[in-house]
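Please open the model in the viewer and keep the selection panel at hand. The tour proceeds from a single residue outwards.

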Amino acid sequence: MSFRIDAGSTRRITLWVNGVETIADVESRTLLVDLIRDDLRLTGTHVGCRTGDCGACTVAVDGQTVKSCLELAARSRGRQVLTIEGLATVADPHPIQTAFDAGFAYQCGFCLPGMLLCGREAIEAGATSRAEFILALNGNLCRCTGYANMLDALVDLP
Amino acid sequence: MIASEFTYIAPSSEAELAAVIMTATPPIRFMSGGTWFVPLLDAGHIDVNTVIDLSEVGLDHISIVGDAITLGAATTYASLLDDRHIRADAPLLSRMAETITGGPQIRHRGTIGGSAVYANPASDVPTALAALGARLEVRSPSGSREIDALAFYVRPFETQLRSDEYLARIRLPRLRSRVAYRKLKFGESSWPVVTVGVVVPPVGPAHVGLGGVGQCPIVMEIDTAESDIRGAAADWLSRAEFDPWSDHFADAAYRLQVAPAMIDRTVRDALRGPA
């Protein structure tokens, strides 16, 4: 059956956000990033450009990183969405977060949702080399650090 | 939230899709990965009443039968990269997919068909398909037709697709060829200025696809025994009739100036590669 949302109306969808079953009323024109930030108030996902260039709005949908400003929220129905809040906890940070912290890999932190989620995806896919991590991070812009320390942190990850 | 309102329909089969197209309120637009469509929609640049999503229709399969490779138009760059058949039998597409700008997030969502129909002179896919001699299967509720990739492009951002037609499948010959792909761009996250895809078959001249120089993809043949490939490419371009392309990255004269060197390097890459 076709899934449909008519212009000017909303439709109730179910998705799993950081493992939590989430019910949301979305319009056809609701972007996933707007659902995450404005409706669910998960503001760790950032908005830098809304054109798909910067990567600050990165989340993982069914395990694959995507830029949530390029996603209609309707497409996320029934799917698993991981935001940066779901990566780890303050008490028990993810090893990449620890490595970024120890290696001075970030300054303002605006780009971190994309850097960390793409770094994690690459590590889980078995990446170990600098070249592989460049390919993993090259959809994210950082205007503070120049990327070198991030790559060092990922390559040196224990 | 996107400012303009529209109806969104995601059919789950091609039969449903045909019914949806017939009853949808025009203007209709098809979306696939959404990586160029959604930002243009968000910026108010697309006049649309009904957005029809092709991502759940089942057009994401890669199949190889005999000497023909068929790609569903909604095949993502990531799927092209992961597919060992594509690596073996259409390696130009693997090389191209490796160079896509925008990172894994774009490779996971962007599709070969979506880029093919965008017809952006700076995009990778149109020229790669033209170099490979691909044929495009376009469908509407009233039937289907096949169009040669080179003839598919009418002018920048415009193809032969009619308003009720969508690109369904891409067919390629299965060729044991040497290939290479290069593009000139000024930054990792930037659009390319010139793209070159080269296919060298076991016999005969190299097929060279050139993007970003004309308003539509250009395909030329270069004799691989030629010692001055750069000169031969410059000579070919000086005789060819095409409408030049320019944008804010580079004007037409610059593109024409760098194209022969890009072609020379890419043909040499291909000739050095495994057969």
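**A residue and its surroundings**

Begin by selecting Leu92(B) in this predicted model. Beyond its neighbours within four places in sequence, Leu92(B) is in contact with Ala128(B), Ala131(B), Leu132(B), Val179(B), Tyr181(B), Gly197(B) and Val199(B).

Next, add Leu54(B), Leu129(B), Val198(B), Val199(B) and Ile263(B) to the selection; together with Leu92(B), these residues touch the most other members of the largest nonpolar core, which has 127 residues. In soluble globular proteins, nonpolar side chains tend to be buried together.

**The domains**

Now colour chain B by its domain assignment: domain 1 covers 7–53, domain 2 covers 62–173 and domain 3 covers 178–272. Between domain 2 and domain 3 of chain B, the C-alpha centres are 19 Å apart. Where these two domains of chain B meet, domain 2 contributes 19 residues and domain 3 contributes 21.

Which elements should be selected on the side of domain 2 of chain B that touches domain 3 of chain B? Helix 5 (91–98), helix 8 (125–132) and strand 8 (153–155) of chain B each supply at least two residues there. Helix 8 of chain B gives the largest share, six residues. By class, this side of domain 2 of chain B comprises 13 nonpolar, three polar and three charged residues.

**The whole chain**

Finally, display all of chain B, with its eleven helices and 14 strands. Its radius of gyration is 19 Å, close to the 19 Å that the globule rule gives for 275 residues, so chain B is as compact as a globular protein of that length. Of those 275 residues, 50% count as buried.

Definitions and conventions
Residues numbered from 1 in each chain as written. Chains lettered and ligands numbered in written order. Predicted model: local features only at pLDDT ≥ 70, side-chain atom pairs only at ≥ 80, totals over all residues. Helix = DSSP H or I, 4+ residues; strand = E, 2+ residues; numbered from the N terminus. Rg over C-alpha atoms; globule rule 2.2 N^0.38 Å. Buried ≥ 20, exposed ≤ 12 C-beta atoms within 10 Å, placed from the backbone. Core = buried A, V, L, I, M, F, W, Y, C linked by C-beta atoms within 7 Å. Contact = placed C-beta atoms within 7 Å. Domains from an automatic or database assignment. Nonpolar A, V, L, I, M, F, W, Y, C, P; charged D, E, K, R; others polar.
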